[in-house]
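Please examine the following model with attention to its charged pairs and its strands. The questions and answers below treat these topics in turn.

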Amino acid sequence: MTDQPKATSLDRKRWQLRSLLLQELAQKAKQAMPRDMVATAEDWLYRLNAVLPEPQMGLPDVMIWLVAKEQRVAYAQVPAHSVLFSRAGALHCGRLCGKIQTLFLQYPEGEGQKDVLPAHLRVCMWLGNVTDSKDLQLLRQGDTAVYAETYENQAKYKDQWGQQGLYRCPNFSDVMGNKTLPMTDFQPPLGWHWQDSWTVEPQRRLLLDIDINKSQVLEEVYENQGRDARGAWGPAAIPNTDVNGQPMEARENVKCPQGWHFKKDWVVELNHAVDSKGWEYGVGIPPSGLPQVWSPVEKTYHSCRRRRWARVRFRNRGALSREQETVSFLQLGPAEGEEEGWEYDAFGSKFHLHPQPRSRFRRRCWRRRLAPDKDKGVAPVFLLEGSLAQDLKYRAGKEEDSKPWPWGLDRQFRDPPRQDARLPNMPFIYCTFNKPHYYQLFCYIYQARNLVSNQILTFQGPFIRVVFLNHSQCTQTLRSSAGPTWAQTLIFQHLLLYENPQDTKESPPLVVLELWQRDSWGKESLWGRSMWPPVVWLDLQNRILPPMTWHPLVKELGKEEGEILASCELILQTEKLGEKQLPILSVPWKNGAYTLPKSIQPTIKRMAIEILAWGLRNMKKASSPQLLVEFGEESLRTEPIRDFQTNPNFPESESVLVLIVLMPTEEAYALPLVVKVVDNWAFGQQTVTGQANIDFLQPYFCDPWAQDYVHPKLPRLSEKKHQDDEYEHEVDWWSKLFWATDEHKFLKYKYKDYHTLKV
């Protein structure tokens, strides 16, 4: 470090301090006594942690922002050293350099919904010198394509599509219609060349099948009719719409997509408030002409009526390969009689692939592909930065100067050109994956424990919500419990991932388990969240059910409170996976939900817990306290102590509490025994003044009828106080006194900066 030319004085001083500390600890390690080894090791860790933080960061963190409508909505912060590249080798690179990782975005402080994750990303990041990027390859599967894009805009003027009527929108612009981007302004960047000519790009992202992960889909079309001047019903101006009144194709023209089939034809829906023929009636209200309220009874003043036609579409399982199934939801060509590549807009609504009666604007995307030149010594992608930027302001001003102005107006009265100052600095980079991979996720959820709460009932209406990628499921909602036990399996099928299976195995997407509670009014609130990667199986021959382990529940500000016993596994669906070997067949079904597999189900035994409640001591402020004992969903409480100041003991008739519970025999599944002190105040008000948990009851198990019966030892309680105004001393008073008077030396307090005194 001292010989490094770029090392600062602070770096050298820090290196010198750490070296001296390591030498001192090495000498003390040789002289340490085995009797005080635990306290000595704690002191060493305390001193090492004091010099670990970096006083200054050499590189700022990488910030990733999610932008919507030119506003920053959410962000993710990645430490730069975790993705930093080094020529010395993989051991000297960052932990996540060149590897796929999962980032969970969060809202800026004071914005967004509480207890909600706005989004998550699967990214692969690399940070290093451009000269070291020659062999950079972030994608193990798929191809990278670079395009220059511009949008051709047209408006409908006198029933003709053309440039007239565009007003402030240019003929060729960016996707937002703000910047003027004619095709002649694009120039290939340094190190790249044009691979082909300009072509129209079909808007495939508007054609994505939203039902790709569903086995059956309900289709519906509303038939609309209006009343004429004679009072007779006839077809409306828009005869076929969806539930929101948007125009749709007639049900006779709705075709079945590739890879799907129908079992029944269209039928009229009669299972809601309609008449015998399925009609519902209303009064049209301008400007939309749609009624706000529908009635099943026809009145003379009704001007509109509609009825719902529905049918179910089923997927052809096994009829198509995985590749064909992916291509089936991409319409690669325009329909017959349709102009190529146009998408239509009506008064600021979303773009549609087909023209609507109210469509007044249309656009299509032109793109031209770029190809890298021969080897330049660096990754070609880094040569794209700022490549398409041009001095548009200068060119626009030059064009304005060349235009003749009528009526002899001076230049100072001319309106400045409406040109966006932002430049198209980067072309569009696409990553195409030809072969998708499908997975199944199995989440085995058993129970939660150590849910410390200041409520009388520890947990009301608990349920688990599992989030994986863009899918989520919930467990059953239980009744109030100190240790809710679900013993349930959540199964996610047909999960689509495009990345390499080997990358998925090395760095799988994280599974998010959220513990929620629902009160008697139906309001839901988040208790805590836990995240961990699942076990990935690419071959079922070596599959072993992952054992369930305890995962901490993290609340706001990173505070851990509570644990959840669960495990997850992600299984790759392959061609060799037959119907008889499906993992879902090994999961039992009971009472409308999947339970835990038999191999990981705990052994339950009926047992009795006997508690002798003597009294309460050392309570400063108490009116009429009572004891509340909870174990799982079972609970008992004593009678309140009426005169606590004179007699702090419980009534003799309530001193012995007996709980009959079903308890797992394995220690890993053991639930804690929760003991609470509830104080009763005037007008029925109750508050929890203290709580203690006995985490494991196995050491206190006994058989009173056995010959060698021995009374159990007193338990060690973990106390949890709810008063925030009490000061908790880090060290007791007598230890401080002994240290100050130099009578008893404890290594535990050696580096606490306590002053000494002589008496």
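**Salt bridges and strand pairing**

Glu223 forms a salt bridge with Arg307, and their closest N and O atoms are 2.9 Å apart; a salt bridge here is a side-chain nitrogen of Lys or Arg within 4 Å of a carboxyl oxygen of Asp or Glu. This is a predicted model, in which local features need pLDDT of at least 70 and side-chain atom pairs count only at pLDDT 80 or more, whereas totals for chains, interfaces and linings use all residues. Residues are numbered from 1 along each chain as its sequence is written, and side-chain values use heavy atoms, with hydrogens and water left out.

Q: How many residues apart in sequence are the parts that Glu223 and Arg307 tie together?
A: Strands are DSSP runs of E with at least two residues, and helices are runs of H or I with at least four, both numbered from the N terminus. Glu223 belongs to strand β10 (residues 216-227) and Arg307 to strand β15 (residues 304-315), so the salt bridge ties together parts whose separation in sequence is 84 residues.

Q: Is Arg307 buried or exposed?
A: Buried means under 20% relative accessible area, exposed over 50%, and partly exposed in between (1.4 Å probe, protein chains only). The relative accessibility of Arg307 is 18%, so Arg307 counts as buried.

Q: Which residues are linked with Glu223 and Arg307 in a network of salt bridges?
A: Glu223 itself is buried, with a relative accessible area of 14%. The network that holds Glu223 and Arg307 also includes Arg251 and Glu252.

Q: How many bridges join strand β23 to strand β24?
A: Two strands pair if DSSP finds at least two bridges between them. Strands β23 (residues 511-518) and β24 (residues 524-532) run antiparallel, and the number of bridges joining them is 8.

Q: Which residue in β23 forms a salt bridge with Arg529 of β24?
A: Arg529 is buried, with a relative accessible area of 15%. The closest N and O atoms of its salt bridge are 2.9 Å apart. The pair ties together parts 15 residues apart in sequence, because Arg529 lies in β24 and its partner in β23 is Glu514.

Q: What is the bridge partner of Val512 in β24?
A: The hairpin of β23 and β24 has 5 residues between the strands, and Gly522 takes a positive phi near 85° there. For Val512, the bridge partner in β24 is Met531.
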